[in-house]
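Me: I'd like to go through this one and ask what stands behind each label. Can you take me through it?

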Amino acid sequence: MDKKIWLSSPHMGGGEMKYIQDAFDHNWIAPLGPNVNGLEKDLENFLNEDVHVAALSSGTAALHLSLILLGVGPGDYVICQSLTFSASANPIIYVGADPIFVDSEIDTWNLCPNAVEDAIKFGISKGKKPKAIIAVSLYGMPYKADEIGELSRRYDIPVIEDSAEALGSTYKGQKCGTFGDFGVLSFNGNKIITTSGGGALTLKHKEFKKKAVFLSTQAKDDAPHYEHSSIGYNYRMSNVCAGIGRGQMEVLQERVDQRRANHQFYEDLFQDHRGFTLHNEPSSDFYSNHWLSVVRIESKSGITKTQLSHKFAKENIESRPIWKPMHMQPVFKSAAYFGSKLSEKLFSNGLCLPSGSNLSDEDRERVAAVLKSVMI
Ligand SMILES: *Cc1c(COP(=O)(O)O)cnc(C)c1O
């Protein structure tokens, strides 16, 4: 059997070990230390806006903390994009709130502004204006930040920007992770850069960052003994993991370029073939890191996403259906939903293709051979 080709696997840059060695040399083997501070600085410099960064144990922790910082609690409504990974929505349940799921629009596959407004009006009609909007930049494609930002200001509802998949993407030249009142990044093993497991929260005010770090390190009050006046969490990033992150930051732009080259490779392959439509940037306002390249397979192609996925699997190549929308998930079946059926349609025929920045020419040839064998 040929070696496995993964959808998206870790890709070290070579600079990581020096930071890890430094952590060992100075015994900073803890959820604090120079690499944690260094990674936060690296991210702040990269994002290049007036944001503060708190390095955390995961993107999920960042989402959870942002809901806590906004004071979201039992019975509150939170609007959330339906077409996303479950980690965008689960923290709404952690704080006891109720999600209202919202459909996608066709350009970016992210939040449909009209459906968001319907969801806001629904909450208001129940006497409970939603407390937050979780907007996702799915597969690296920035959401329509102007339209969602306008709704956020008009109704005075903060945005939590889930850019777990979108580090390195930009909208109108501004980096993803800097649009929301809070921004969420992930460095899980499958993301564009990784710390093995980890994430970060971006915040607009220094005071919020202090609060986030306080809550993520068990909420110890300033006292000689352990005094607690709030509930804390163990959500800080380890200094060893942050060392991996510092090395990865050195190659972030290279990783974006490599993923975008994969997307171009697919674009070239699908050209002149019927029924394969790649998820592309809708205009020059959008610059996607193309974390994953995703194709919609229409019936005129003569094949379904499931059949194609099986063909890939036979050749030891991983592919995956796009995220199953949250409003279709058994665990969220009682949640409210606004929109039409676009996310359901995207789920029915969308397939994520091997997209790792570490794909070799030989890997791409194997992927191309499968596609060429089925394309009309
Ligand atoms: C990966 C991911 C998360 C969660 O990040 P973790 O670091 O794995 O907890 C959240 N939202 C989206 C859209 C993701 O892809």
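Me: What makes about 3,700 Å² the area buried between domain 1 and domain 2?
Reply: Buried area is the accessible area (1.4 Å probe) that two parts lose on being put together, summed over both. For domain 1 and domain 2 that comes to about 3,700 Å², with carbon and sulfur atoms giving 67%. Keep in mind that this is a predicted model: local features need pLDDT of at least 70 and side-chain atom pairs 80 or more, while totals for chains, interfaces and linings use all residues. Numbering runs from 1 along each chain as its sequence is written, and side-chain values use heavy atoms, leaving out hydrogens and water.

Me: Where do the bounds of domain 1 and domain 2 lie?
Reply: Domain 1 is 16–251 and domain 2 is 253–374; such bounds come from an automatic or database domain assignment. The contact (heavy atoms within 4.5 Å) takes 43 residues from domain 1 and 37 from domain 2.

Me: How many salt bridges does the rule find across that interface?
Reply: It finds 0. A salt bridge needs a side-chain nitrogen of Lys or Arg within 4 Å of a carboxyl oxygen of Asp or Glu.

Me: Why is the T60 pair with the ligand called a polar contact?
Reply: A polar side-chain atom of T60 lies 2.5 Å from a ligand oxygen, and the rule asks for a pair of N or O atoms within 3.5 Å (within protein, one must be able to donate a hydrogen and the other to accept it, and residues adjacent in sequence count only if both atoms are side-chain atoms). So the T60 pair qualifies.
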